[in-house]
Amino acid sequence: MTATERAPGQQGQRTDVDAAFRGSATYRSLGEQELSPAEERFEKGRRTVGLFLAPAVTIVFALLPIGLPRDQHLLAAILLGVIVLWITEPVPIPIGGLIGIGAIVVLGVVPADDALAPFGSTTVFTFIGAFILASAMLKHGLARRFAMFVLSLKWVGTSTYRVAIAFGAITALLSAFVSNTATVAMLLPTALGIISVIAKLLQDKEMVKPDFDPLRLRVGVAIMLMLAYGASVGGLLTPVGTPPNLIGRGLIEEATGERIGFLDWMLMAAPICALMFVALAAVLLLLNKPEIRRIEGVSEYVHRERAELGKFSRAEKNTLIAFGVTVACWIFPGVIALTAGTESDLYATISDRMDEGIIAVLGASLLFLLPTDWKQREFTLRWSDAAKIDWGTILLFGTGIIFGSLLASTGLAETIGTASANALGLTSTFAITIFAVILAIIISETTSNTASAAVVVPIIIPVAVAAGVNPFVPALAATFAASFGFMLPVSTPQNAIAYGSGVVPITKMIRSGASFDVLGALLIVLLLPLLVELVLGSAIG
């Protein structure tokens with residue numbers, strides 16, 4: 001192996017940054033990473049503890065006499081053990097989820113067919129299609145071309161801080177009208193391209209060791225988490241921004257008879273989104289301070305690199321066509337919602353038939369149909385390229401969907417919610433709102449945000465009614481909080497995509513995510529009741 005082919009983790013040779021990003025994986029063993037002695041000791045300790053703690057937690061909780069039905073009791077015990085595996089990583093994170101699913105079936109919580117059915121979720125197919133598109137953009141250099149364009153902008157290109165903020169802002173605005181998952185998927189290749197450019201600049205300026213690991217840069221963590229978290233925040237801005245919004249709005253309107261208009265929703269959500277984005281930018285850049293603040297010489301570097309890229313190749317043009325068609329189809333339902341309204345038959349038909357998962361795999365399929373050399377029957381992408389996508393992230397999120405489904409179907413989520421509400425003796429709107437937010441965030445950490453909204457909102461409404469409280473504010477707070485699961489890859493699809501890039505270690509996602517869970521909860525609890533009163537007034541009194 002030559003120096004230019006060197007992968008991270010081998011000593012004494014110059015890192016091939018492009019190869020490192022093309023070959024990035026969700027999980028890497030200790031021998032595949034560049035770690036300081038202190039980091040290596042911590043990682044060994046964390047993983048060793050998890051190896052023994054996970055089964056111990058599962059067995060002890062399963063033996064506790066807590067009076068739950070057998071299926072709920074075993075599900076809770078297994079889920080706790082899996083969470084320990086996810087946090088401590090004694091085995092690859094996707095394998096931790098698979099161990100949990102195996103335990104669920106072997107211990108008889110549900111039959112195998114029932115346990116595995118949610119794996120066919122549309123989100124899983126969105127991942128597959130988006131990752132294949134990203135693979136083509138990285139292989140043919142289109143992601144790098146986009147990255148150079150962003151870095152050439154005067155306001156953005158000279159500061160790593162502004163690069164991160166710009167990506168977060170773009171993501172937040174797009175995700176207000178396009179699926180959060182689709183938004184992050186379409187911007188992921190460009191983000192990776194920019195991180196690789198910054199890594200090369202650090203390398204050229206000799207600010208890092210020759211054999212440094214470009215997947216462990218703090219600036220990479222900041223940019224990737226701004227991408228993931230920015231989508232979660234921006235998705236709150238409109239009713240169509242993310243599925244939990246539509247689920248929560250429908251349940252609230254059915255329970256209270258109070259319709260939440262598109263503009264009303266935006267007026268209530270906008271201040272929370274704006275303040276949360278400011279908090280995201282500040283905290284992420286403090287916790288993951290970029291290695292360099294100013295990208296010196298970036299204009300000359302970008303000019304030189306863009307000149308080397310030359311004109312668009314046939315493969316790049318084909319990739320751009322496939323990407324453009326996919327993005328246009330992802331955006332189209334949001335355009336219909338703005339023009340015809342979310343209650344129209346047209347929107348219902350379009351959103352149902354232009355499912356984001358189906359669009360993603362159809363868009364990816366174009367890469368195998370658009371030729372680069374018809375005589376040789378060569379197409380834009382080969383199956384060997386597609387086979388290298390991060391299947392670990394797909395498995396990981398699939399297992400997260402399964403646990404979310406089982407929390408609802410076994411009744412464990414409802415049992416936890418109602419028992420907690422009764423034990424706490426909740427009687428006021430403020431107390432029930434706090435409870436709703438905390439419960440939604442906790443559940444969204446271990447399941448998808450969609451599952452969290454579908455589980456928590458139906459719990460909160462009867463709790464509020466039983467206490468003689470209008471359920472509107474607590475239920476809306478639960479809907480918002482369902483999108484604020486930031487700590488784990490399984491919390492939201494965008495978290496899983498960011499984690500799947502190989503740039504964000506699980507420990508850094510947990511550390512950053514915990515801060516935003518707390519900030520998000522405070523903003524919702526303190527601001528939402530006031531905003532509802534200002535926008536809707538006595539209508540919900």
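This note comments on the overall build, one pocket and one loop residue of a predicted model.

1. Overall build. The protein contains 24 helices and two strands. Of its 541 residues, 56% are buried. Among contacts with a separation of 6 or more, 78% join residues that stand 24 or more positions apart.

2. Surface. The accessible surface of the protein amounts to about 21,800 Å². Carbon and sulfur atoms account for 65% of that surface.

3. The second largest pocket. Rolling a probe the size of a water molecule over the atoms reveals where empty space is left. The second largest pocket holds about 720 Å³ of space. Its lining consists of 35 residues, and those nearest the centre of the pocket are Thr122, Ser179, Thr242, Pro243 and Glu356.

4. Source and character of the lining. Several helices each supply at least two residues of the lining of the second largest pocket, including helix 6 (122-139), helix 9 (180-204), helix 11 (243-256) and helix 14 (314-340). Helix 21 (449-466) and helix 23 (493-500) are also among them. Sorted by class, this lining has 16 nonpolar residues, 17 polar residues and two charged residues.

5. Arg377. Where does Arg377 lie? Arg377 is placed in the loop between strand 1 (371-373) and strand 2 (378-379). Its phi is near 55 degrees, which is a positive value in a residue other than glycine. Arg377 counts as partly exposed because its relative accessibility is 48%, and partly exposed residues fall between the cut-offs of under 20% for buried and over 50% for exposed.

How values were computed:
Residues numbered from 1 in each chain as written. Predicted model: local features only at pLDDT ≥ 70, side-chain atom pairs only at ≥ 80, totals over all residues. Heavy atoms only, no water. 1 Å grid on protein atoms, 1.4 Å probe; cavity = no way out; pocket = protein on both sides within 12 Å on 5 of 7 lines; lining within 4 Å. Points joined across faces, edges and corners; volume = space filled by probe spheres on them. Helix = DSSP H or I, 4+ residues; strand = E, 2+ residues; numbered from the N terminus. Nonpolar A, V, L, I, M, F, W, Y, C, P; charged D, E, K, R; others polar. Buried < 20%, exposed > 50% of the residue type's maximum accessible area, 1.4 Å probe, protein only. Contact = heavy atoms within 4.5 Å. Areas by Shrake-Rupley, 256 points an atom, 1.4 Å probe, with all protein chains shown as cover.
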